[in-house]
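The following exercises are to be worked with the sequence and the coordinates at hand. Each task is followed by a solution set out in steps.

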Amino acid sequence: MSRIVITPQDLEAIGRHGEATFPEECCGFLIGRAVGEGADTTVVERLLPVDNERQDSRHNRYVIEPETVLAAHKAARAAGADVVGYYHSHPDHPSRPSDFDREHAWPGLSYLIVSVLKGRAADARSWRLADDRERFDEETIDQEAIR
């Protein structure tokens with residue numbers, strides 16, 4: 001089973017981002033490194049919040065434009081790290097990935113989802129897309145001080 005290591009402060013920051021954009025989805029990058037056998041552990045060293053660039057259905061969809069993705073990868077590399085995943089919120093929905101999430105995800109990355117119920121962050125869960133792209137597998141979230 002894969003796992004994601006993230007500080008409690010970063011997990012709280014994702015929840016606050018979701019609360020601030022409610023009832024629309026928030027989104028951002030997880031910057032860090034993949035470690036362990038088969039790179040099965042994602043270590044989040046910092047967050048890079050970005051705007052939801054979708055023009056419609058922002059209450060249940062987000063998009064990050066290619067230029068923003070490229071800029072995030074450049075910023076991560078400049079810091080000696082990588083984009084190791086993404087986070088987003090699910091306003092008034094569980095922190096489980098949707099079929100839309102699965103169709104737009106990539107294997108090998110972490111997808112952390114925070115559920116924001118009635119404007120308050122509820123729970124967060126993290127997922128990795130299986131190599132065959134048929135399903136997400138849940139990751140263990142380890143809240144550790146990593147800095």
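The exercises below concern a predicted model and proceed from the sheet to its cores, cysteines and backbone.

**Exercise 1. Determine the order in which the strands of the barrel run, and describe how S4 pairs.**

Step 1. The barrel is closed and has 7 strands, in the order S1-S3-S2-S4-S5-S6-S7, with mixed pairing. On average, neighbouring strands of this sheet are turned by 35 degrees against each other, direction ignored.

Step 2. On one side of S4, the pairing with S2 is antiparallel and comprises 6 bridges. Within it, Gly-32 stands opposite Asp-82 of S4.

Step 3. Strand S4 (residues 82–91) also pairs with strand S5 (residues 110–117), here in the parallel sense and over 7 bridges. Ser-89 has Val-114 of S5 as its bridge partner, and His-90 stands opposite Ser-115 of S5.

Step 4. Of the 10 residues of S4, 9 are buried, so this strand is largely enclosed by the rest of the structure.

**Exercise 2. State which strands helix H1 lies across, and identify the residues that Asp-142 contacts beyond its neighbours within four places in sequence.**

Step 1. Helix H1 (residues 8–21) lies across S1, S2, S3, S4, S5, S6 and S7. Its angle to S3 is about 35 degrees.

Step 2. Asp-142 belongs to strand S7. Setting aside neighbours within four places in sequence, Asp-142 contacts Arg-3, Ile-4, Val-5 and Ile-6.

Step 3. With Arg-3, the side chain of Asp-142 makes a polar contact of 2.3 Å.

**Exercise 3. Describe the largest nonpolar core and the elements that supply it.**

Step 1. In soluble globular proteins, nonpolar side chains tend to be buried together.

Step 2. The largest nonpolar core has 19 residues. Those with the most contacts inside it are Phe-29, Ile-31, Ile-64, Val-83, Tyr-86, Tyr-111 and Phe-136.

Step 3. At least two residues of this core come from each of S2, helix H2 (66–78), S4, S5 and S6.

Step 4. Another core, of 13 residues, lies apart from it and includes Ile-4, Ile-14, Leu-30 and Val-116.

Step 5. To follow one member of the largest core, take Ile-64. Beyond its neighbours within four places in sequence, Ile-64 is in contact with Cys-27, Phe-29, Val-50, Glu-53, Val-69 and Tyr-86.

**Exercise 4. Decide how many disulfides the model contains, and explain why Cys-27 is in none.**

Step 1. The cut-off for a disulfide is a pair of cysteine sulfur atoms within 2.5 Å.

Step 2. The cysteine sulfur closest to that of Cys-27 belongs to Cys-26 and is 6.7 Å away; this is too far for a bond.

Step 3. The count is therefore 0 disulfides.

Step 4. Both residues are nonetheless buried: Cys-26 has 1% relative accessibility, and Cys-27 has 0%.

**Exercise 5. Locate the cis peptide bond, and state where Lys-118 and Arg-133, which have positive phi, are placed.**

Step 1. The cis peptide bond joins Phe-22 and Pro-23, with omega of about 10 degrees. Pro-23 is placed in the loop between H1 and S2.

Step 2. Lys-118 is not a glycine, yet its phi is positive, at about 50 degrees. This residue lies in the loop between S5 and S6, and is exposed, with a relative accessible area of 76%.

Step 3. Arg-133, also not a glycine, has a positive phi of about 65 degrees. Its place is the loop between S6 and S7, where Arg-133 is partly exposed at 30% relative accessibility.

Methods
Residues are numbered from 1 along each chain as its sequence is written. This is a predicted model: local features need pLDDT of at least 70, side-chain atom pairs count only at pLDDT 80 or more; totals for chains, interfaces and linings use all residues. Side-chain values use heavy atoms; hydrogens and water are left out. Two strands pair if DSSP finds at least two bridges between them. Axes are lines fitted to C-alpha atoms, for helices over the stretch in contact, and angles run from 0 to 180 degrees between N-to-C directions. Contact means heavy atoms within 4.5 Å. A polar contact is a pair of N or O atoms within 3.5 Å; within protein, one must be able to donate a hydrogen and the other to accept it, and residues adjacent in sequence count only if both atoms are side-chain atoms. Buried means under 20% relative accessible area, exposed over 50%, partly exposed in between (1.4 Å probe, protein chains only). A nonpolar core is a set of buried Ala, Val, Leu, Ile, Met, Phe, Trp, Tyr and Cys residues joined through side-chain atoms within 4.5 Å.
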